[in-house]
Amino acid sequence: MLWTLIQREILANLMTFRFPIAVIACVILGLTITAALTDNYERRLASYNEAFQTHQEKNFSAKTYSGLSPQLDRPPNPLSLFNQGLDKRAANSVRLRRDKVPSVWEDNYFSTGFDNPFRHLLTSIDIVTVFQILLSLLALVFAYDAIAGERENGTLHLVLANPVGRGLIVLSKYLSAMICLLLPVLISFLLALMLQLQSPVIDYSTADFLRLGGILLTTIVY
């Protein structure tokens, strides 16, 4: 009986205007953010390679131990395209000194290399943030008339005429709404991943794909 109710609710949600709007909004925002973040990652990686080469030459130029002050560079994390975490909050490089404990949280200046301020704003948002904000709003759209709408239309009385508990009805509506919300997430997530893999500088390993699965699972749970 539960699966029958879930199927009924899924079909009802798929036939509404809000479902294609949810898919279109997730896909457009996801691909827009992905394109901006991929370009930003390529710029950051090029900047890292240039800084690494420059610092490597200077690190071995000291003639005495007292003059040795190597500078270490941190490569950008490709997974920050989906979830930035602390990747852009930590410094890109740190200098080692004899009289000071190094810290990646000091002198943290990050430049995206974009002249357009709107593109700079796009790089401050990751894909998970888009899902969290957008899907939280879409969840309200899917749920606001789940019971009240059926009561006004008179279909709720037909459902309650069957030997079905009220708790089972609420559970079926919740599960069906979750399934309908997961479809836009999976579609936009896969399209974003395919777009990123088109970049010649992005090469995910098996461990990275497992982490991407963890990011997706955490987003779904949220």
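User: Before we look at single residues in this predicted model, what makes a residue count as buried?

Analyst: Buried means under 20% relative accessible area, exposed means over 50%, and partly exposed is what lies in between.

User: Why is R18 called buried?

Analyst: The relative accessibility of R18 is 17%, and the cut-off for buried is under 20%, so R18 counts as buried. This residue is found in helix α2, and, not counting residues up to four places away in sequence, R18 touches N13, V141, F142, Y144 and D145.

User: What makes the pairings of the R18 side chain with N13 and T16 polar contacts?

Analyst: A polar contact needs a pair of N or O atoms within 3.5 Å. The side chain of R18 meets that of N13 at 3.3 Å, and a contact of 3.4 Å joins the side chains of R18 and T16, so each counts as a polar contact.

User: How do you know that the length of α1 agrees with what is expected of a helix?

Analyst: The expected span is 1.5 Å times one less than the number of residues; for the 13 residues of α1 this should come to 18 Å, and the end C-alpha atoms of α1 are 18 Å apart, which agrees.

User: Why are the buried residues of α1 said to line one face of the helix?

Analyst: The buried residues in α1 are L5, I6, E9, I10 and N13. Seen down the axis of α1, they fall within an arc of 135°, so they line one face of the helix. The partners against which these buried residues pack are α2, α4, α5 (148-153), α6 and α7.

User: Why is T155 classed as partly exposed?

Analyst: T155, which is placed in helix α6 (residues 155-160), has a relative accessible area of 28%; partly exposed covers the values between 20% and 50%, so T155 is partly exposed. Leaving aside neighbours within four places in sequence, T155 is in contact with R8 and E150.

User: What makes the pair of Y48 and F52 tilted?

Analyst: Rings pair if their centres lie within 6.5 Å, and planes under 30 degrees apart count as stacked, over 60 as edge-to-face and the rest as tilted. With 5.9 Å centre to centre and 35° between the planes, Y48 and F52 form a tilted aromatic pair. Both residues lie in helix α2, 4 residues apart, about one turn of the helix. Y48 counts as buried at 18% relative accessibility, whereas F52, at 34%, counts as partly exposed.

User: And why is the pair of Y204 and F209 called edge-to-face?

Analyst: The ring centres of Y204 and F209 are 5.8 Å apart and their planes stand at 75°; planes over 60 degrees apart count as edge-to-face, so the pair is edge-to-face. Y204 is buried, with a relative accessible area of 6%, while F209 is partly exposed, with 38%. By the rule for rings, the count comes to 3 aromatic pairs.

User: Which residues have the most contacts inside the largest nonpolar core?

Analyst: The largest nonpolar core has 35 residues, and those with the most contacts inside it are F82, L135, L138, F142, Y204 and L212. Two or more residues of this core come from each of α1 (2-14), α2 (18-59), α4 (127-143), α7 (166-197) and α8 (206-221), and α2 gives the most, with 10 residues. Leaving aside neighbours within four places in sequence, the contacts of Y204 include P78, F82, L193 and L212.

Notes. Residues are numbered from 1 along each chain as its sequence is written. This is a predicted model: local features need pLDDT of at least 70, side-chain atom pairs count only at pLDDT 80 or more; totals for chains, interfaces and linings use all residues. Side-chain values use heavy atoms; hydrogens and water are left out. A nonpolar core is a set of buried Ala, Val, Leu, Ile, Met, Phe, Trp, Tyr and Cys residues joined through side-chain atoms within 4.5 Å. Buried means under 20% relative accessible area, exposed over 50%, partly exposed in between (1.4 Å probe, protein chains only). Contact means heavy atoms within 4.5 Å. A polar contact is a pair of N or O atoms within 3.5 Å; within protein, one must be able to donate a hydrogen and the other to accept it, and residues adjacent in sequence count only if both atoms are side-chain atoms. The arc is that of the directions from the helix axis to the C-beta atoms. Rings of Phe, Tyr and Trp (its six-membered ring) pair if their centres lie within 6.5 Å; planes under 30 degrees apart count as stacked, over 60 as edge-to-face and the rest as tilted.
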